[in-house]
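Reader: Hi! Could you walk me through this one while I have it open?
Author: Happy to, let's take a look together.

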Amino acid sequence: MSQQKSKAHKNGNDHTAQRAARLLAVQSVYRAQMNEQPLLSAVQDCLDRPFIMNEQEEIFEMKPDKPLCASIIRSLHARQQEINDIVLESVLSKSKGNQDDSARVKSLQNDVILFSILLCGATEILAHEDIDAPIIVNDYLEITHAFYDTSESKLVNGVLDAITRKIRA
């Protein structure tokens with residue numbers, strides 16, 4: 001890998017820092033849910049640690065956009081029930097009757113990583129109108145690809161696109 005690319009990853013350009021912040025936000029929400037912690041205490045824990053990303057067998061310490069990460073978590077905390085409802089409504093509209101609604105909701109809520117991705121993505125679409133929605137959706141798709149195969153990525157894309165159309169129309 002070239003010295004220039006390594007330096008860009010280490011210092012972080014704006015978009016790399018934003019993408020790292022989004023992943024850090026998802027990790028914070030995941031950690032809070034798994035440890036039954038208040039959301040705001042989990043984000044502080046994550047923000048205090050260095051962020052390490054393994055890319056193509058090389059390790060890079062990245063500098064996430066900490067204000068963006070904190071803003072995502074604080075916005076989710078402040079509007080958690082509203083955002084939860086928006087995500088679940090969008091998921092149910094995508095289910096096309098394939099599963100019983102309550103089973104679909106329970107299944108999603110039990111998949112803490114996927115639900116964390118959707119909550120953070122929806123929060124950012126709602127709270128950060130200054131950032132283009134396609135950039136937000138794409139970054140959360142990249143995060144989803146790190147954990148899942150195609151079907152979950154399609155779900156994230158469909159749900160976040162539906163939320164974008166509804167909120168930013």
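Reader: Let's begin with a serine. What does the side chain of Ser75 reach?
Author: The Ser75 side chain reaches the backbone oxygen of Ser71, at 2.8 Å. Keep in mind that this is a predicted model.

Reader: Thanks! Which helix is Ser75 in?
Author: Ser75 belongs to helix α4, which covers residues 66–78.

Reader: And is Ser75 buried or exposed?
Author: Ser75 counts as buried, because its relative accessibility is 16% and the cut-off for buried is under 20%.

Reader: What is Ser75 in contact with, leaving aside neighbours within four places in sequence?
Author: With those neighbours set aside, Ser75 is in contact with Ile83, Thr123 and Ala127.

Reader: Nice. Stepping back, how many helices and strands are there in the protein?
Author: The protein has nine helices and two strands. Starting at the N terminus, the order is α-α-α-β-β-α-α-α-α-α-α.

Reader: Now the interior. Which residues touch the most other members of the largest nonpolar core?
Author: Those are Val87, Leu118, Tyr140 and Ile163, in a core of 45 residues. Elements giving two or more residues to this core are α2, α3, α4, α5, α6, α7, α8 and α9.

Reader: Which of them gives the most to this core?
Author: That is α7, with nine residues.

Reader: Tell me about Val87: what is it in contact with, beyond neighbours within four places in sequence?
Author: Val87 is in contact with Phe115, Leu118, Leu119, Ala122, Val159 and Ile163. Two of the names on that list, Leu118 and Ile163, also appear among the residues that touch the most other core members.

Reader: How much of the whole protein counts as buried?
Author: Of its 169 residues, 44% count as buried. As for the surface, the protein exposes about 9200 Å², with carbon and sulfur atoms supplying 47% of that.

Reader: And of the contacts between residues at least 6 apart in sequence, what share joins residues at least 24 apart?
Author: That share is 70%.

Reader: Changing topic to backbone angles: what is the phi of Glu36?
Author: Phi of Glu36 is near 50°, so a positive value in a residue that is not glycine. In general, most residues other than glycine have a negative phi.

Reader: Where does Glu36 sit?
Author: Glu36 is in the loop between α2 (14–35) and α3 (39–47).

Reader: Last one: is Glu36 buried or exposed?
Author: Glu36 is exposed, because its relative accessible area is 73% and exposed means over 50%.

Conventions. Residues are numbered from 1 along each chain as its sequence is written. This is a predicted model: local features need pLDDT of at least 70, side-chain atom pairs count only at pLDDT 80 or more; totals for chains, interfaces and linings use all residues. Side-chain values use heavy atoms; hydrogens and water are left out. Helices (H or I, at least four residues) and strands (E, at least two) are DSSP runs, numbered from the N terminus. Buried means under 20% relative accessible area, exposed over 50%, partly exposed in between (1.4 Å probe, protein chains only). A nonpolar core is a set of buried Ala, Val, Leu, Ile, Met, Phe, Trp, Tyr and Cys residues joined through side-chain atoms within 4.5 Å. Contact means heavy atoms within 4.5 Å. A polar contact is a pair of N or O atoms within 3.5 Å; within protein, one must be able to donate a hydrogen and the other to accept it, and residues adjacent in sequence count only if both atoms are side-chain atoms. Accessible areas come from the Shrake-Rupley method with a 1.4 Å probe; for residues, only the protein chains shown count as cover.
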